[in-house]
Amino acid sequence: MLSIEHLLTDLTPLLHQYGYFLLALAIAAEGIGIPAPGQSLLVVASILASLGEMSLPLIVVVAGSSAFLGNTCGYWIGVQCEHILIRKNWLSKKTIDKCHSFIERYGVWGLLMSRFIEGLKQLMPLACGIAKMPFREFLIGNTFAVILWVLCFGIAPAYLYRQREAIFSFYHHYAVVSWFVVTGLIFVGIVFVIRRYQKQ
(Lines give C-alpha, C1' and ligand atoms only; values in the text may rest on other atoms or scores of the structure.)
Protein backbone atom coordinates (compact mmCIF):
# COMPACT_ATOMS: atom_id res chain seq x y z
CA MET A 1 0.00 0.00 0.00
CA LEU A 2 2.88 2.35 0.77
CA SER A 3 4.34 1.83 -2.70
CA ILE A 4 0.96 2.71 -4.24
CA GLU A 5 0.81 5.90 -2.19
CA HIS A 6 4.35 6.79 -3.34
CA LEU A 7 3.35 6.20 -6.98
CA LEU A 8 0.31 8.42 -6.52
CA THR A 9 2.42 11.17 -4.95
CA ASP A 10 5.11 11.02 -7.65
CA LEU A 11 3.03 10.48 -10.80
CA THR A 12 -0.31 12.20 -10.17
CA PRO A 13 1.10 15.69 -10.92
CA LEU A 14 2.47 14.43 -14.25
CA LEU A 15 -0.88 12.93 -15.24
CA HIS A 16 -2.68 16.10 -14.16
CA GLN A 17 -0.34 18.15 -16.36
CA TYR A 18 0.09 15.92 -19.42
CA GLY A 19 -2.84 13.52 -19.10
CA TYR A 20 -3.54 10.82 -21.65
CA PHE A 21 -0.74 11.98 -23.97
CA LEU A 22 1.92 11.08 -21.39
CA LEU A 23 0.20 7.76 -20.69
CA ALA A 24 0.17 6.86 -24.39
CA LEU A 25 3.76 7.99 -24.96
CA ALA A 26 5.20 6.06 -22.00
CA ILE A 27 3.35 2.83 -22.82
CA ALA A 28 4.26 2.99 -26.52
CA ALA A 29 7.92 3.68 -25.64
CA GLU A 30 8.04 0.51 -23.55
CA GLY A 31 6.80 -1.45 -26.56
CA ILE A 32 9.81 -0.47 -28.66
CA GLY A 33 12.31 -1.26 -25.92
CA ILE A 34 12.71 2.18 -24.29
CA PRO A 35 12.54 2.11 -20.47
CA ALA A 36 9.58 4.22 -19.36
CA PRO A 37 7.11 4.19 -16.43
CA GLY A 38 4.19 3.13 -18.62
CA GLN A 39 2.82 0.48 -16.29
CA SER A 40 3.17 2.68 -13.20
CA LEU A 41 1.40 5.53 -14.97
CA LEU A 42 -1.39 3.14 -15.99
CA VAL A 43 -1.92 2.00 -12.40
CA VAL A 44 -2.02 5.59 -11.14
CA ALA A 45 -4.35 6.68 -13.97
CA SER A 46 -6.68 3.80 -13.06
CA ILE A 47 -6.75 4.88 -9.42
CA LEU A 48 -7.37 8.49 -10.44
CA ALA A 49 -10.30 7.22 -12.54
CA SER A 50 -11.74 5.55 -9.44
CA LEU A 51 -11.56 8.97 -7.75
CA GLY A 52 -13.36 10.63 -10.66
CA GLU A 53 -10.29 12.54 -11.91
CA MET A 54 -9.85 10.61 -15.19
CA SER A 55 -12.03 8.52 -17.50
CA LEU A 56 -11.55 4.75 -17.09
CA PRO A 57 -12.94 3.86 -20.57
CA LEU A 58 -10.56 6.39 -22.15
CA ILE A 59 -7.65 5.05 -20.10
CA VAL A 60 -8.39 1.52 -21.33
CA VAL A 61 -8.57 2.65 -24.96
CA VAL A 62 -5.39 4.75 -24.75
CA ALA A 63 -3.40 2.10 -22.86
CA GLY A 64 -4.55 -0.81 -25.02
CA SER A 65 -3.96 0.90 -28.35
CA SER A 66 -0.61 2.37 -27.27
CA ALA A 67 0.65 -0.99 -25.98
CA PHE A 68 -0.50 -2.82 -29.12
CA LEU A 69 1.00 -0.27 -31.52
CA GLY A 70 4.21 0.12 -29.50
CA ASN A 71 4.74 -3.64 -29.36
CA THR A 72 4.04 -3.95 -33.09
CA CYS A 73 6.58 -1.22 -33.86
CA GLY A 74 9.08 -3.01 -31.61
CA TYR A 75 8.47 -6.24 -33.54
CA TRP A 76 9.12 -4.58 -36.91
CA ILE A 77 12.25 -2.86 -35.58
CA GLY A 78 13.49 -6.31 -34.57
CA VAL A 79 12.66 -7.75 -37.99
CA GLN A 80 14.21 -4.95 -40.05
CA CYS A 81 17.05 -3.65 -37.88
CA GLU A 82 18.71 -6.67 -36.26
CA HIS A 83 22.01 -5.90 -38.05
CA ILE A 84 21.91 -2.26 -36.89
CA LEU A 85 21.21 -3.28 -33.29
CA ILE A 86 24.24 -5.58 -33.42
CA ARG A 87 26.53 -3.09 -35.18
CA LYS A 88 25.68 -0.29 -32.77
CA ASN A 89 26.18 -2.75 -29.89
CA TRP A 90 22.70 -1.99 -28.53
CA LEU A 91 22.12 -5.73 -28.29
CA SER A 92 24.89 -8.28 -27.85
CA LYS A 93 25.13 -11.46 -29.88
CA LYS A 94 24.59 -13.40 -26.65
CA THR A 95 21.33 -11.52 -25.96
CA ILE A 96 20.10 -12.13 -29.50
CA ASP A 97 20.89 -15.85 -29.23
CA LYS A 98 18.93 -16.00 -25.98
CA CYS A 99 16.02 -14.24 -27.71
CA HIS A 100 16.02 -16.85 -30.47
CA SER A 101 16.07 -19.79 -28.06
CA PHE A 102 13.40 -18.28 -25.77
CA ILE A 103 11.00 -17.58 -28.65
CA GLU A 104 11.62 -20.98 -30.23
CA ARG A 105 10.88 -22.69 -26.93
CA TYR A 106 7.89 -20.72 -25.65
CA GLY A 107 6.44 -18.96 -28.72
CA VAL A 108 3.20 -17.08 -27.99
CA TRP A 109 3.30 -18.20 -24.33
CA GLY A 110 6.58 -16.36 -23.93
CA LEU A 111 4.97 -13.20 -25.29
CA LEU A 112 2.10 -13.54 -22.83
CA MET A 113 4.35 -14.21 -19.82
CA SER A 114 6.79 -11.43 -20.68
CA ARG A 115 4.07 -8.77 -20.48
CA PHE A 116 4.12 -9.20 -16.70
CA ILE A 117 7.92 -9.31 -16.23
CA GLU A 118 9.63 -5.93 -16.00
CA GLY A 119 12.63 -5.68 -18.31
CA LEU A 120 11.57 -8.67 -20.40
CA LYS A 121 8.36 -6.83 -21.23
CA GLN A 122 10.29 -4.06 -23.01
CA LEU A 123 12.60 -6.47 -24.84
CA MET A 124 10.15 -9.15 -25.97
CA PRO A 125 8.59 -7.40 -29.01
CA LEU A 126 12.11 -6.73 -30.35
CA ALA A 127 13.04 -10.33 -29.54
CA CYS A 128 10.03 -11.66 -31.45
CA GLY A 129 11.08 -9.64 -34.49
CA ILE A 130 14.72 -10.66 -34.21
CA ALA A 131 13.70 -14.34 -33.88
CA LYS A 132 11.48 -13.89 -36.99
CA MET A 133 8.32 -15.05 -35.21
CA PRO A 134 5.54 -15.28 -37.86
CA PHE A 135 3.65 -11.97 -37.88
CA ARG A 136 0.24 -13.67 -37.52
CA GLU A 137 1.47 -15.54 -34.44
CA PHE A 138 2.88 -12.31 -33.00
CA LEU A 139 -0.43 -10.48 -33.56
CA ILE A 140 -2.38 -13.19 -31.73
CA GLY A 141 0.05 -13.24 -28.80
CA ASN A 142 0.29 -9.46 -28.69
CA THR A 143 -3.49 -9.04 -28.68
CA PHE A 144 -4.05 -11.44 -25.77
CA ALA A 145 -1.03 -10.10 -23.86
CA VAL A 146 -2.27 -6.51 -24.13
CA ILE A 147 -5.85 -7.44 -23.13
CA LEU A 148 -4.66 -9.30 -20.02
CA TRP A 149 -2.21 -6.52 -19.14
CA VAL A 150 -4.86 -3.79 -19.41
CA LEU A 151 -7.29 -5.85 -17.32
CA CYS A 152 -4.66 -6.35 -14.58
CA PHE A 153 -3.10 -2.88 -14.51
CA GLY A 154 -5.73 -0.63 -16.10
CA ILE A 155 -9.06 -1.90 -14.78
CA ALA A 156 -8.31 -3.92 -11.64
CA PRO A 157 -6.56 -1.07 -9.73
CA ALA A 158 -9.64 1.17 -10.09
CA TYR A 159 -11.86 -1.45 -8.48
CA LEU A 160 -9.32 -2.65 -5.90
CA TYR A 161 -8.48 0.86 -4.73
CA ARG A 162 -12.16 1.56 -4.04
CA GLN A 163 -12.40 -1.69 -2.11
CA ARG A 164 -9.02 -1.39 -0.36
CA GLU A 165 -10.42 -1.21 3.18
CA ALA A 166 -12.48 -4.38 2.74
CA ILE A 167 -9.54 -6.14 1.02
CA PHE A 168 -7.09 -5.26 3.80
CA SER A 169 -9.62 -6.32 6.41
CA PHE A 170 -10.07 -9.68 4.66
CA TYR A 171 -6.32 -10.12 4.28
CA HIS A 172 -5.74 -9.27 7.95
CA HIS A 173 -8.10 -12.04 9.03
CA TYR A 174 -7.14 -14.65 6.38
CA ALA A 175 -3.49 -13.85 5.57
CA VAL A 176 -2.24 -17.44 5.84
CA VAL A 177 -5.09 -18.83 3.73
CA SER A 178 -4.60 -16.08 1.14
CA TRP A 179 -0.89 -16.82 0.73
CA PHE A 180 -1.59 -20.56 0.58
CA VAL A 181 -4.14 -20.09 -2.22
CA VAL A 182 -1.92 -17.71 -4.22
CA THR A 183 1.13 -19.98 -3.83
CA GLY A 184 -0.93 -22.98 -4.89
CA LEU A 185 -2.24 -21.22 -8.00
CA ILE A 186 1.28 -20.15 -9.00
CA PHE A 187 2.57 -23.70 -8.48
CA VAL A 188 -0.24 -25.21 -10.57
CA GLY A 189 0.42 -22.67 -13.32
CA ILE A 190 4.15 -23.47 -13.40
CA VAL A 191 3.51 -27.23 -13.48
CA PHE A 192 0.98 -26.79 -16.29
CA VAL A 193 3.42 -24.79 -18.42
CA ILE A 194 6.31 -27.21 -17.79
CA ARG A 195 4.23 -30.29 -18.65
CA ARG A 196 2.82 -28.63 -21.74
CA TYR A 197 6.26 -27.95 -23.18
CA GLN A 198 7.68 -31.29 -22.13
CA LYS A 199 5.10 -32.91 -24.39
CA GLN A 200 6.21 -30.83 -27.40
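**Close-up 1. Helix α6 and the residue that comes after it.** In this predicted model, α6 is followed by K132, a residue with a positive phi, near 60 degrees. Helix α6 itself spans residues 120-130 and is mostly covered, with 9 of its 11 residues buried. Looking for them in the view? The buried set consists of K121, Q122, M124, P125, L126, A127, C128, G129 and I130.

**Close-up 2. E82 in helix α4.** Here we turn to E82, which sits in helix α4 (residues 82-87). Which residues does E82 contact, leaving aside its neighbours within four places in sequence? They are I77, I96, H100, I130 and K132. Two of these names will be familiar from the first view: I130 is among the buried residues of α6, and K132 is the residue with positive phi that follows α6. E82 can also be located relative to L126, 44 residues away in sequence, with a C-alpha to C-alpha separation of 8.9 Å. L126 is itself one of the buried residues of α6.

**Close-up 3. E30 in helix α1.** Helix α1 covers residues 2-31, and E30 is found in it. Is E30 buried or exposed? Its relative accessibility is 2%, so E30 counts as buried. Not counting residues up to four places away in sequence, E30 touches A36, P37, G38, Q39, E118, K121 and Q122. Of these partners, K121 and Q122 also appear in the list of buried α6 residues. The C-alpha atom of E30 is separated by 7.9 Å from that of N71, which is 41 residues apart from E30 along the chain.

**Close-up 4. Helix α3 along its length.** This view follows α3, residues 56-80, a helix of 25 residues. From first C-alpha to last, α3 reaches 36 Å, close to the 36 Å expected at 1.5 Å a residue. N71, mentioned in the E30 view, is one of the buried residues of α3. Its buried companions in α3 are I59, V62, A63, G64, S66, A67, G70, T72, G74, Y75 and G78.

**Close-up 5. Helix α2 against helix α7.** How are two packed helices described? The description uses the angle between their axes and the distance between the axes. For α2 (residues 38-50) and α7 (residues 135-162), the angle is about 40 degrees and the axes lie 8 Å apart. That angle makes α2 oblique to α7. Their crossing is right-handed. On the α2 side, the contact involves Q39, L42, V43, S46, I47 and S50; on the α7 side, look for W149, F153, G154, I155, P157, A158, Y161 and R162. Sorted by class, this contact has 9 nonpolar, 4 polar and 1 charged residues. Q39 links back to the E30 view, as one of the residues that E30 touches.

**Close-up 6. Helix α5 against helix α7.** Helix α5 (residues 93-114) packs on α7 at an angle of about 30 degrees, with the axes 8 Å apart. The two helices are therefore roughly parallel to each other. As it passes α7, α5 makes a right-handed crossing. The contact brings together G107, V108, L111 and L112 of α5 with E137, F138, G141, N142, F144, A145 and L148 of α7. By class, the contact has 7 nonpolar, 3 polar and 1 charged residues.

**Close-up 7. The whole chain, for orientation.** The protein chain has 9 helices and 0 strands. Of its 200 residues, 38% count as buried. Among contacts with a separation of 6 or more, 76% are between residues 24 or more positions apart.

Terms used: Residues are numbered from 1 along each chain as its sequence is written. This is a predicted model: local features need pLDDT of at least 70, side-chain atom pairs count only at pLDDT 80 or more; totals for chains, interfaces and linings use all residues. Side-chain values use heavy atoms; hydrogens and water are left out. Helices (H or I, at least four residues) and strands (E, at least two) are DSSP runs, numbered from the N terminus. The expected span of a helix is 1.5 Å times one less than its number of residues. Buried means under 20% relative accessible area, exposed over 50%, partly exposed in between (1.4 Å probe, protein chains only). Axes are lines fitted to C-alpha atoms, for helices over the stretch in contact, and angles run from 0 to 180 degrees between N-to-C directions. Angles under 35 degrees count as roughly parallel, over 145 as roughly antiparallel, 65 to 115 as roughly perpendicular and the rest as oblique. A crossing is left-handed if the near helix is turned anticlockwise from the far one by less than a right angle, and right-handed if clockwise. Contact means heavy atoms within 4.5 Å. Ala, Val, Leu, Ile, Met, Phe, Trp, Tyr, Cys and Pro count as nonpolar, Asp, Glu, Lys and Arg as charged, and the others, Gly among them, as polar.
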